[in-house]
Amino acid sequence: MEEYPEELRTPPVTLASLVGCPELHPLISTHFLSEQPPINTLALPDFSKISLFNKKRDPDSTATSPSPALGILKRDWLLKHRTKLPSVLAALFPSHHLAADPAHWLQLCSHLDSIKTVIRARNIKFAVVVVVQTNADEISEDRMIALRKRAEVDAKHVVVLNPNDTSELKQTLHRLASTISELAGAFYREEGRRIKQRIEKKNVSSVELIVRYCFKVAVYAEFRSDWTEALKFYEEAYHTLREIVGVTTRLPAVQRLVEIKSISEQLHFKISTLLLHSGKVAEAVMWFRQHRNAYKRLVGAPEGIFLHWEWMSRQFLVFGELLETSSKIIQGISPIILATSSKPLTEWEYYSAYYYQLAAHYLSEKRSALELTISMSETSNEIDNVADSVVPSVYVGQFARLLEQGDKVDMLPLTDEEYIRYAVSEGKRFQDSLEIIVLLKKAYESFNSMKIQRMSSFCGFQMAREYFAEGDISNAKQIFDSIASLYRKEGWVTLLWDVLGYLRECSRKNGTIKDFVEYSLEMAALPISSDTGVRRDTGPAGPANLRQREIVHNEVFELVSGASGLATIEHPSNLKITGDESLQLEVDLVSPLRLVMLASVSFHEQTIKPGASTLITVSLLSHLPLTVEIDRLEIQFNQSKCNFFIANAKKPQSVEVSNGIQHHRTERAPSLSLESNKWLRLTYDIQSDQSGKFECLSVIAKIGSHLTICCRADSPASLDSLPLWTLEGCVQTVPIKDPILVLSGQKSTQVEEPDPQVDLHLGASGPALVGEIFLVPVTLVSRGHDVYKGELKINLVDIKGGGLFSPRDSEPYATDSHHVQLLGISGAEREDDSQLYSDKIKKIQQSFGLISVPILKNGDSWSCKLEIKWHRPKPIMLYVSLGYTTYSNELIEQTVHVHKHLQIEGQTAIVLNHHYLMPFRRDPLLLSKNKQASESDQSESLPLNQKNVLIVSAKNCTELPLRLKSISIEVEDDAEKTCSIQHGGEELSNPSLIVPGEEFKKVFAVSSSMNISKLKLGTVCLRWRRDLGIEEQSAYTSTLSWVVTKQKLPDVNVELPPLIVSFECPPYAIVGDPFTYYIRISNQTQLLQEVKYSLADAQSFVLSGYHNDTVHVLPKSEHILSYKLVPLVSGMQQLPKFSMTSVRYSAAYQPSNSSNSVFVFPSKPQFKASVSTNSRVESVSNEYIL
């Protein structure tokens, strides 16, 4: 498409001419180009250049003359209307030329007359632009009318332009562009109508003129953006042109056909472009099919057939590029749209790659035809001389000879023979192979992008052949290799044969012996038994049949045996293997060389004892057409000491082995002949002394003195069939005769470990407690084996499967992120102290440990202790595994394992609780407690400047007795200034024994003198350990560490109580004896407090005094309520219940039951020492109340 001229490739653009005021031409031209659609401008420097538009003699005007047309389309007609002949002429006049000066006016009128004379002959439309410099330059209406009359234009075609008025300039230029567009549309419309009248009247001397007229009408319609009319007349021109084929005799036969094809090519390009840009993809594809069918048989003379193939190639190329560049291609179009019932459109016809591939095909046909024409030409020496004087003619598709005679130049017509010589000369100048490669590459990449692998490979194969023909072996081989992979996968044997043939030749030319041998062997092993039929181009591989396979087979084995250098007349090469070189081929599980040789290995037993013999069957299969004689086989295992050789008894020289492998055993086989498509089965015994997996890795076949094929071993049970041979109808055989091993045979077996003779003991007992370091004794005792390279592996596993790692948000002070943690290993000891040993810990992690074990002789023992710490109560499983070898020799690696496991429960040892008590019979009114009742806030509140009692309790939750050393409260540095905590000694004189379920309590006095909202009390620290029973009093216990358990106390609210109620009564009472009961209400604030109180009756007492009343308590003072009570019943009795409500705070108060009770004796007690006795009674009463 790039070969087409620009005026044909791009849509027509309106051309307007500017004359006068040249300084404004760039401004106007730039604005016109920014319009939609744009307008091209042809600027004339002065009015004298108007003569350029003078009309010359139009050959179309002589259409009624009897002389026929010399051609169909002029070559430069479209270019003339795009760049030389404007549709509108805009004349720019300064405003002062319209002033009263007669000289300026006469000059303006002269210019107008000249313009009208020229444009009337061309029917060019005319517009006038009056240029004013300032808004003050006013032009009289009379002058404007005189200007319009003189110019013979309408008022709307006169535009006043002020280039200095920036506010109105853009709008004025837009109005001028609209005027030009309107006039241009009128011009192209009138021109098209004029030409259409000629077509309708049939007033033409030849049919060629109808084609010309239709083409012109279509072009004028394109100028007006009337795509429908343009498409209609392009199609009419196309059909008319097709009708004159074989009718006109204006030119010689060859040149006549070239002209018709050239014009049809341009018309088809225009039609396809209009259809694609309007979104009619199916119509465009259908139109191209008709275009191809209409001209594909118009081949022409035999000597010029290459011109036809070149033209066909160009048609496919251009339409493919149009499809690719069209922005409105619709995906997934149905292939039957606008198609006939007999030949529907295929899906391929919507892909640009399809057309690129066919363009390359026709260009290849052109190359072949051109080579044939050159070979048959008798005047090949004169071709270049003729071509120098041939130039394109005035008309599209015509050529002429340029004859210069002095200053005179004549264009002489050509004969067909001369034109063929010229065409041959032009064809020889271009390298068609490079163009073919470019086209095939575009098709290849396009099909690849659409994931159409088969067509992509087809185009790639043709492209690689072109590279090969051009001598670019590197690119050819790269493409051939990628195509061969797909053909192997798809199973296209014949196509793969051709590709491998080219790859052989690429390797031969590059001198790479290994690649040549691999491709040759794969070719020879392909499943081709008979000739596939006669084909046009077999390539360097030759015909695909059994005979050719045998030829390739013999050729490659002669090469590896050194009998031939593969140098022939057809394929000269220097491929040769010298005596010192060796060639090794690797055949893995995905290698294409599995067709050449396939190895299957099967152990007859799945498990064996160490040192016990078992049978192993090695089976080989080859699809090569001829029998292969193997010199020696080497069977390799993962245990190299078990490798062995199988030598061919018919070739005694192959039995010789070098010093490097003299320790491997060698077996002799009567014959190692590998026949085509038949399994070679060999069975031998094998044994291994090393436990673990015993696997056959590969089978290495030595063929001749230079070739070695290493095949990865396959198991019969998992042996994959060869895809290429599966598609053939051959009988599938099995690698081993035993039907059980066919289904279950494996290339590996398991060698069991010897029974361990080392005892592993785990001595832990009882549950582990959270916080303590739990010791697990591990003891090793040798009962028959010597222990070398011993390793002890420790693993901690969560029984419930939740994992041992989890951050604890509820314990922010804890830095450990594991619930259960392996801290270390200590106390490594041996019974034999004469040998010093220091155990080396290789690796210790949170839940994994690995340590080395010293050398142990038979009867020795070794022990250590595992240190495990629980941070959360969680049951775990402890796994301990011992791995060791029984030989000190490093070459013998026989590992024995001993496994033990132990479940250990993790329990919480002690649970800490706490609660607060107020001063006895002195209760403050805390407003926060009333607020908490409504807001459900459960935080504690303490009164300011009051001593409060904090009781901390520690309960043993285990089934083991514990020893408690101390309970203390650690106060933070900031908290020491805000509160005071008093208690006895931190540590107990003797650690206290706490039996299971017992609770130990300690009392602390807490007070605060600072009025703060939150009080941080600190953290309770508890030091404890297990009770060791009878060993508790020994000296060993003094060195044991104590476990510290911490629990942070929640923050408490501190507030100043507005009221404090105190109760005063005797420590005891006597039935029938009255006593005074005082209730003191103390006001702690600076405000007058109104208090409502009530005292309820009690059945155990007779009460005198006010039951309900309202009192006012002065600031910083107290109010005392006095009552007389007479007890009626003995024992612990509840005093009359007192309740109070603060009116100011709307807060109610009720004392606790403990502070509202008294003990009543039935009669007055009698004591020997009244003073001491009374004190003792009071003390007993108070303790009972507590």
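**A guided reading of strands and salt bridges**

Visitor: Which order do the strands of the open sheet have, and how are they paired?

Guide: In this predicted model, three strands make up an open sheet in the order β10-β12-β18, and their pairing is antiparallel. The strands β10 (598-603) and β18 (680-687) are at the edges with a single partner strand each, so one side of each has no neighbour in the sheet. On average, neighbouring strands of this sheet are turned by 20° against each other, direction ignored.

Visitor: How many bridges join β12 to β18?

Guide: Strand β12, residues 613-621, is joined to β18 by eight bridges, and the two run antiparallel. To follow one of these pairings, begin at L620: its bridge partner in β18 is L680.

Visitor: I should now like to turn to charged side chains. How many salt bridges does a search of the whole structure find?

Guide: The general idea is that side chains of opposite charge can pair when their charged atoms come close. A search of the whole structure finds 41 salt bridges. One of them is formed by the side chains of R401 and E418, with an N to O distance of 2.4 Å. Because R401 belongs to strand β7 (residues 399-405) and E418 to helix α14 (residues 416-429), this pair ties together parts that are 17 residues apart in sequence.

Visitor: Are R401 and E418 buried or exposed?

Guide: R401 is partly exposed, its relative accessible area being 26%. E418, at 17%, is buried, since the cut-off for buried is under 20% relative accessible area.

Visitor: Where do E505 and R508 lie, and how far apart are they in that element?

Guide: Both residues are in helix α18 (residues 493-510), three residues apart, which means that about one helical turn separates them. E505 and R508 form a salt bridge in which the closest N and O atoms are 3.1 Å apart. Both E505 and R508 are buried.

Visitor: Which parts does the salt bridge between E752 and K609 tie together?

Guide: The side chains of E752 and K609 meet at 2.7 Å, N to O. E752 is in the loop between β21 (748-751) and β22 (758-762), while K609 is in the loop between β11 (607-608) and β12, so the pair ties together parts 143 residues apart in sequence. E752 counts as partly exposed, with 29% relative accessibility, whereas K609, with 52%, counts as exposed.

Visitor: Which residues are joined into one network by salt bridges that share partners?

Guide: The members of that network are D113, K116, R120, R150 and E152.

Key: Residues are numbered from 1 along each chain as its sequence is written. This is a predicted model: local features need pLDDT of at least 70, side-chain atom pairs count only at pLDDT 80 or more; totals for chains, interfaces and linings use all residues. Side-chain values use heavy atoms; hydrogens and water are left out. Two strands pair if DSSP finds at least two bridges between them. Helices (H or I, at least four residues) and strands (E, at least two) are DSSP runs, numbered from the N terminus. Axes are lines fitted to C-alpha atoms, for helices over the stretch in contact, and angles run from 0 to 180 degrees between N-to-C directions. A salt bridge is a side-chain nitrogen of Lys or Arg within 4 Å of a carboxyl oxygen of Asp or Glu. Buried means under 20% relative accessible area, exposed over 50%, partly exposed in between (1.4 Å probe, protein chains only).
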